[in-house]
Structures are given as C-alpha cells and as structure tokens.
Amino acid sequence: MAQTNEYVLQTLSGKTVGIAINAPGVEGYVLGRSDEATDYQPDVDLSTVEARGRGVSRRHAALVQFKGKLHVVDLGSVNGTFVNGKRL
C-alpha cells in the first residue's frame with residue numbers, strides 16, 4: 001500500500017489549499033506553478049489556486065523530509081516563501 005502524505009497550505013490572503021501527495025520513498029517535493037511556454041510541471045502544481053496572479057514562481061519552494069521532520073525551503077522565489085507569517 002502506497003503512503004500518502006497530506007499537507008495544508010495557506011496563501012497570504014487566507015485561502016487554504018489541501019494537497020495529498022502519493023509518492024512513497026520521495027523525500028522532497030517542488031511546489032510551484034506549471035508553465036505552458038516551457039512545459040514545466042512542478043511536483044505540486046499550484047496553478048489551480050491562481051498561483052501566477054498570487055506571485056507563485058514556477059519553482060517556488062520545496063517540502064523536504066529530513067531526520068523525520070518536514071522542512072520548507074524557498075527556491076529563490078521572487079516574492080518569497082512564508083511560514084507562520086515569517087519570510088524564509
């Protein structure tokens with residue numbers, strides 16, 4: 001049976017997005033938005049929540065499992081990544 005990891009993301013405007021990722025053995029996921037011009041597809045595509053208009057980069061952030069804990073890493077996004085209201 002495949003393991004599904006579930007996360008809840010909240011935009012700065014307060015919109016909540018639930019995501020479920022079924023990828024056993026994977027230790028990290030790239031969050032961002034797809035791009036038709038380059039055919040780029042992140043692991044977690046936030047285009048469904050108007051990502052481009054909300055300042056989400058194609059490769060915005062990553063969720064990484066390390067030593068049993070989940071870490072959020074900004075991938076050099078222009079508008080930054082925030083956790084609990086604090087910019088990373």
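In this predicted model, Val30 stands opposite Ala62 of strand E5, and that pair of residues is a convenient place from which to read the rest of the fold. Strand E3 covers residues 28–32 and E5 covers residues 61–66, the two pairing in the antiparallel sense over four bridges. A further facing pair between these strands is formed by Gly28, which stands opposite Val64 in E5. Strand E3 is also mostly covered, with four of its five residues buried.

Strand E3 has a second partner as well, namely strand E4 (residues 44–45), with which E3 pairs in the parallel sense over two bridges. Here the facing residues include Leu31, which stands opposite Val44 in E4. As background to both pairings, strands of a sheet pair through backbone hydrogen bonds, and they do so either parallel or antiparallel.

Taken together, these pairings belong to an open sheet of four strands, arranged in the order E4-E3-E5-E6 and mixed in its pairing. The edges of the sheet are E4 and strand E6 (69–74), each of which pairs on one side only. Around this sheet, the protein chain as a whole has zero helices and eight strands, so that reading from the N terminus gives the element order β-β-β-β-β-β-β-β.

The interior can be approached through the same strands. The largest nonpolar core has eleven residues, namely Tyr7, Val17, Tyr29, Leu31, Val44, Leu46, Val49, Ala51, Val56, Ala61 and Leu63. Strands E3 and E5 each supply at least two residues of this core. Leu31 and Val44, which stand opposite each other across E3 and E4, are both among the core residues. A general point helps when tracing the side chains along these strands: in a regular strand they alternate between the two faces of the sheet.

Leaving the core, the reader may turn to the loop between E3 and E4, where Asp35 is found. The side chains of Asp35 and Arg58 meet in a salt bridge, with a distance of 3.7 Å from N to O. This pair links distant parts of the chain, since Arg58 lies in the loop between E4 and E5 and the two residues are 23 residues apart. The structure holds one salt bridge. The two partners fall into separate accessibility classes: Asp35 counts as buried because its relative accessibility is 12%, whereas Arg58, at 39%, counts as partly exposed. In general terms, side chains of opposite charge can pair when their charged atoms come close.

The loop between E4 and E5 also holds Glu50, which counts as exposed because its relative accessibility is 54%. Glu50 and Arg33 are separated by 17 residues in sequence, and their C-alpha atoms are 9.0 Å apart in space.

Two residues deserve attention for their backbone geometry. Asp39, in the loop between E3 and E4, has a positive phi of about 60 degrees although it is not a glycine. Asp39 counts as exposed because its relative accessibility is 68%. Likewise, Asn84 is not a glycine, yet has a positive phi of about 55 degrees; the place of Asn84 is in the loop between strand E7 (82–83) and E8. With a relative accessibility of 76%, Asn84 also counts as exposed.

On the outside of the molecule, Val72, Val83 and Leu88 make a nonpolar surface patch of about 210 Å². Leu88 lies in the segment after strand E8 (86–87), and Leu88 counts as partly exposed because its relative accessibility is 49%, a value that falls short of the cut-off for an exposed residue, over 50%.

Some totals for the chain complete the picture. Of the 88 residues of the protein chain, 32% count as buried. The accessible surface of the protein chain comes to about 6,200 Å², and 49% of that area belongs to carbon and sulfur atoms. Among the contacts in the protein chain with a separation of 6 or more, residues 24 or more positions apart account for 27%.

Note on methods:
Residues are numbered from 1 along each chain as its sequence is written. This is a predicted model: local features need pLDDT of at least 70, side-chain atom pairs count only at pLDDT 80 or more; totals for chains, interfaces and linings use all residues. Side-chain values use heavy atoms; hydrogens and water are left out. Buried means under 20% relative accessible area, exposed over 50%, partly exposed in between (1.4 Å probe, protein chains only). Two strands pair if DSSP finds at least two bridges between them. A nonpolar core is a set of buried Ala, Val, Leu, Ile, Met, Phe, Trp, Tyr and Cys residues joined through side-chain atoms within 4.5 Å. Patches are made of residues with over 30% relative accessible area and no salt bridge: like charges are joined within 9 Å, nonpolar side chains (Val, Leu, Ile, Met, Phe, Trp, Tyr) within 5 Å. Accessible areas come from the Shrake-Rupley method with a 1.4 Å probe; for residues, only the protein chains shown count as cover. A salt bridge is a side-chain nitrogen of Lys or Arg within 4 Å of a carboxyl oxygen of Asp or Glu. Contact means heavy atoms within 4.5 Å.
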